[in-house]
Amino acid sequence: MKIVTTIADVRATVKAWRQAGETVGFVPTMGFLHEGHASLISRAVAENDHVVVSTFVNPTQFGPTEDLDAYPRDEARDAALCESIGADIMFRPDPAEMYDNPKVSVVVKDMNEHLCGLSRPIHFHGVCTVVTKLFNIVTPDTAYFGEKDAQQLAIIRKMVADLNMPLKIVGCPIVREADGLAKSSRNTYLSPAEREAALCLSRSIFYGRDHIAVGMAAKELETAMEDIIVKEPLAKIEYVKVVDALTMDDVTIIDRPVLVAMAVYIGKTRLIDNFSFDPNVSKQ
Ligand code: AMP
């Protein structure tokens, strides 16, 4: 496996694969890889001739008061994991390689104005812009995203459809720790007491998953899920919301495919979790 830092090098390698008629899978990440990322890379390796993983910590998706500088990084460990799974390239450009006084931003309207977009108003513009750039650099046949970031996945799907981007988007299930906590690079910020407290997110998610029903009032479910989190003194709810799975708009009655999502602070660490529910698919 090659660690590549320049756009030109990625392009040259992908060009050779293309000339040989081989397929390319792509997994965009911000590095500090864990089993959640590994599940995406494994799927990409299984479904493509070649796989590119990017580990670029994208500055434009962090707000001015967010954790860009503190965001955990470990290039050697990331490279070892990518190699062990069978990726061909780990693309880790410097910010200067990706951005030169940029004037263009990709914005998916409206879907941004819900859930995480309310407290992170520039976040999805940064995500959509860097993902568009990465798609233009890697030119994948298929790109893999986690359902852990369900709003991001919905926005990327809409961006790809609206802009006729010539690739397929695959969503992959949330990978959790044995005790239920969704795996996240940000879990490393948690003290032992906070790590224990963070289990209130998955407790609430599992409760919601077990109790959601067609025809139920969204507010009733949100309140019951919030009640589980407020019992935890270290937790502070940013939102617990039921929204339309495609548009991210609020719903009143659960009568269509929905996303049930939350953002909760445990101490200073902001964690997210979610599940999806489709009334047309019977519960497992
Ligand atoms: P990040 O490095 O946090 O930007 O995540 C890169 C990709 O990995 C995104 O598509 C995430 O949704 C996905 N991802 C992160 N954590 C998980 C997880 N626990 N399970 C599945 N996918 C995940």
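Trainee: Why is threonine 13 called buried?

Mentor: This is a predicted model, so every value here is computed from predicted atoms. Threonine 13 has a relative accessible area of 14%. Buried means under 20%. The value falls under that cut-off, so threonine 13 counts as buried.

Trainee: Where does threonine 13 lie, and what does it touch?

Mentor: Threonine 13 lies in helix 1, residues 7-19. Not counting residues up to four places away in sequence, threonine 13 touches Lys2 and Ile89.

Trainee: What makes histidine 50 count as buried?

Mentor: Its relative accessibility is 13%. The limit for buried is under 20%. Histidine 50 therefore qualifies. The residue is found in strand 3.

Trainee: Which residues is histidine 50 in contact with, leaving aside its neighbours within four places in sequence?

Mentor: They are Trp17, Glu22, Thr23, Val24, Gly25 and Asp88. There is also a C-alpha distance to note. Histidine 50 and alanine 87 are 37 residues apart in sequence, with 6.9 Å between their C-alpha atoms.

Trainee: Why does valine 240 count as buried?

Mentor: Valine 240 has 3% relative accessibility. Set that against the cut-off of under 20%, and valine 240 is therefore buried. Its place is in strand 7, residues 235-244. Leaving aside neighbours within four places in sequence, its contacts are Glu222, Met225, Glu226, Ile229, Ala261 and Met262.

Trainee: How far apart in space are valine 240 and glutamate 177?

Mentor: They are 21 Å apart, C-alpha to C-alpha. In sequence, 63 residues separate them.

Trainee: How do you know that valine 57 is buried?

Mentor: Its relative accessibility is 10%. Buried means under 20%, so valine 57 belongs there. Valine 57 lies in the loop between strand 3 and helix 3. Not counting residues up to four places away in sequence, valine 57 touches Met30, Phe62, Leu68, Tyr71 and Arg73. For Leu68 there is a C-alpha distance too: 7.8 Å from valine 57, at eleven residues along the chain.

Trainee: What makes asparagine 101 count as exposed?

Mentor: Asparagine 101 has 56% relative accessibility. Exposed means over 50%. The value passes that limit, so asparagine 101 counts as exposed.

Trainee: Where is asparagine 101 found, and what is its phi?

Mentor: Asparagine 101 is in the loop between helix 4 and helix 5. Its phi is near 50°, a positive value in a residue other than glycine. Aspartate 110 lies in the loop between helix 4 and helix 5 as well. Aspartate 110 is not a glycine either, and its phi is positive, about 65°.

Trainee: On to the rings. How many aromatic pairs are there?

Mentor: The count comes to four aromatic pairs. One of them joins phenylalanine 56 and tyrosine 99.

Trainee: Why is the pair of phenylalanine 56 and tyrosine 99 called tilted?

Mentor: A pair of aromatic rings is described by the distance of the centres and the angle of the planes. Here the centres are 6.2 Å apart, and the planes meet at 40°. Centres must lie within 6.5 Å to pair. Under 30 degrees would be stacked, and over 60 would be edge-to-face. The angle of 40° fits neither, so the pair is tilted.

Trainee: What makes this pair a link between distant parts of the chain?

Mentor: Its two residues are 43 residues apart. Phenylalanine 56 is in the loop between strand 3 (50-55) and helix 3 (75-85). Tyrosine 99 is in the loop between helix 4 (95-98) and helix 5 (116-119). Phenylalanine 56 and tyrosine 99 are both buried.

Trainee: Why is the pair of phenylalanine 62 and tyrosine 71 edge-to-face?

Mentor: The ring centres are 5.8 Å apart, and the planes stand at 75°. Edge-to-face needs over 60 degrees, so this pair meets the rule. Phenylalanine 62 and tyrosine 71 are both buried.

Trainee: Which residues form one aromatic cluster?

Mentor: Phe26, Phe135 and Phe145 do.

Trainee: Now the whole protein. How many helices and strands does it have?

Mentor: The protein has ten helices and nine strands.

Trainee: Why is the protein called as compact as a globular protein of that length?

Mentor: Its radius of gyration is 19 Å. The globule rule gives 19 Å for 284 residues. The two values are close, so the description holds. Of the 284 residues, 52% count as buried.

Conventions: Residues are numbered from 1 along each chain as its sequence is written. This is a predicted model: local features need pLDDT of at least 70, side-chain atom pairs count only at pLDDT 80 or more; totals for chains, interfaces and linings use all residues. Side-chain values use heavy atoms; hydrogens and water are left out. Helices (H or I, at least four residues) and strands (E, at least two) are DSSP runs, numbered from the N terminus. The radius of gyration is taken over C-alpha atoms; the globule rule is 2.2 Å times the number of residues to the power 0.38. Buried means under 20% relative accessible area, exposed over 50%, partly exposed in between (1.4 Å probe, protein chains only). Rings of Phe, Tyr and Trp (its six-membered ring) pair if their centres lie within 6.5 Å; planes under 30 degrees apart count as stacked, over 60 as edge-to-face and the rest as tilted. Contact means heavy atoms within 4.5 Å.
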